[in-house]
Amino acid sequence: MHVRRAVAADAQELCGLLNEIIAAGGTTALETPLSAAEFADWFIDGEFPLVCHVAEHDRSLAGFQSLSLYGDPPKGYADIATFARMSPKISGVGRALFPATRAAAEELGLEFINATIRADNVSGLAYYTKMGFEPYDRLIQVPLLDGTPVDRIKKRFRIHSRPASSM
């Protein structure tokens, strides 16, 4: 698997990957599909993204991970978003992406990377725990578009902590 920085030309393929995840439901707080232009603005080259990396596998994009300042996080924090292709599922995408994201966070002088994960996203919670994120807050019963309340668990990774053990 090859990891590199995302470019605007990746937006269409990555948008399709993300929209498939949104349509499946249950793992992301995003509930409305994005256009490629919206995707690029949110994750690659808009006002809030700091960095976005992609994982390439067999000539296609297997997933992406971004850091952003969307939502005005506290000073020294950036929010992380991680998405991997659902079909075909490729193992290890998140593990491949995180070292590049962590290095970018160090270069940016960040103190923490924040992950806000739906409480019903078991695989997302497990992934961030494996990467060394620790829980520090919980948002109670945040409503989905249909009104269903779902807690959000906030985990953070201290940039100068020791790296997660190899998987």
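This section describes strand pairing, helix packing and residue burial in a predicted model.

Strand 3 (residues 60-68) is paired on both counts considered here, with strand 2 and with strand 4. Strand 2 (residues 49-57) runs antiparallel to strand 3 and is joined to it by eight bridges. Within this pair, Val-51 is placed opposite Leu-67 of strand 3. The connection between strand 2 and strand 3 is a hairpin with two residues between the strands. Asp-58, in the turn, has a positive phi of about 50°. Strand 4 (residues 77-84) is likewise antiparallel to strand 3, and six bridges join these two strands. Here Ser-66 faces Ala-81 of strand 4. Eight of the nine residues of strand 3 are buried, and the strand is therefore largely enclosed by the rest of the structure.

Helix 4 (residues 122-130) has a buried side and an opposing side with exposed residues. Gly-124, Leu-125, Tyr-127 and Tyr-128 are buried. These four residues cover an arc of only 160° around the axis, so they lie on the same side of helix 4. In an α-helix there are 3.6 residues a turn, so residues three or four places apart point the same way. Val-122 and Ser-123, on the other side of helix 4, are exposed. The cover over the buried residues of helix 4 includes strand 3, strand 4 and helix 3, together with strand 5 (112-118) and strand 7 (149-158). Strand 3 thus appears both as a largely enclosed element and as part of the cover of helix 4. Just after helix 4, Gly-132 adopts a positive phi of about 100°.

Helix 3 (residues 93-107), which is part of that cover, contains Arg-102. Arg-102 has a relative accessible area of 12% and is classed as buried because this value is under the cut-off of 20%. Its side chain reaches the backbone oxygen of Ile-159 at 3.1 Å.

A further packing arrangement involves helix 1 (residues 11-24) and helix 2 (residues 36-45). Their axes come within 9 Å and cross at roughly 90°, which means that helix 1 is roughly perpendicular to helix 2. On the helix 1 side, the contact is made by Ala-11, Gln-12, Leu-14, Cys-15 and Leu-18. Helix 2 contributes Ala-36, Phe-39, Ala-40, Phe-43 and Ile-44.

Key. Residues are numbered from 1 along each chain as its sequence is written. This is a predicted model: local features need pLDDT of at least 70, side-chain atom pairs count only at pLDDT 80 or more; totals for chains, interfaces and linings use all residues. Side-chain values use heavy atoms; hydrogens and water are left out. Buried means under 20% relative accessible area, exposed over 50%, partly exposed in between (1.4 Å probe, protein chains only). A polar contact is a pair of N or O atoms within 3.5 Å; within protein, one must be able to donate a hydrogen and the other to accept it, and residues adjacent in sequence count only if both atoms are side-chain atoms. Two strands pair if DSSP finds at least two bridges between them. The arc is that of the directions from the helix axis to the C-beta atoms. Contact means heavy atoms within 4.5 Å. Axes are lines fitted to C-alpha atoms, for helices over the stretch in contact, and angles run from 0 to 180 degrees between N-to-C directions. Angles under 35 degrees count as roughly parallel, over 145 as roughly antiparallel, 65 to 115 as roughly perpendicular and the rest as oblique.
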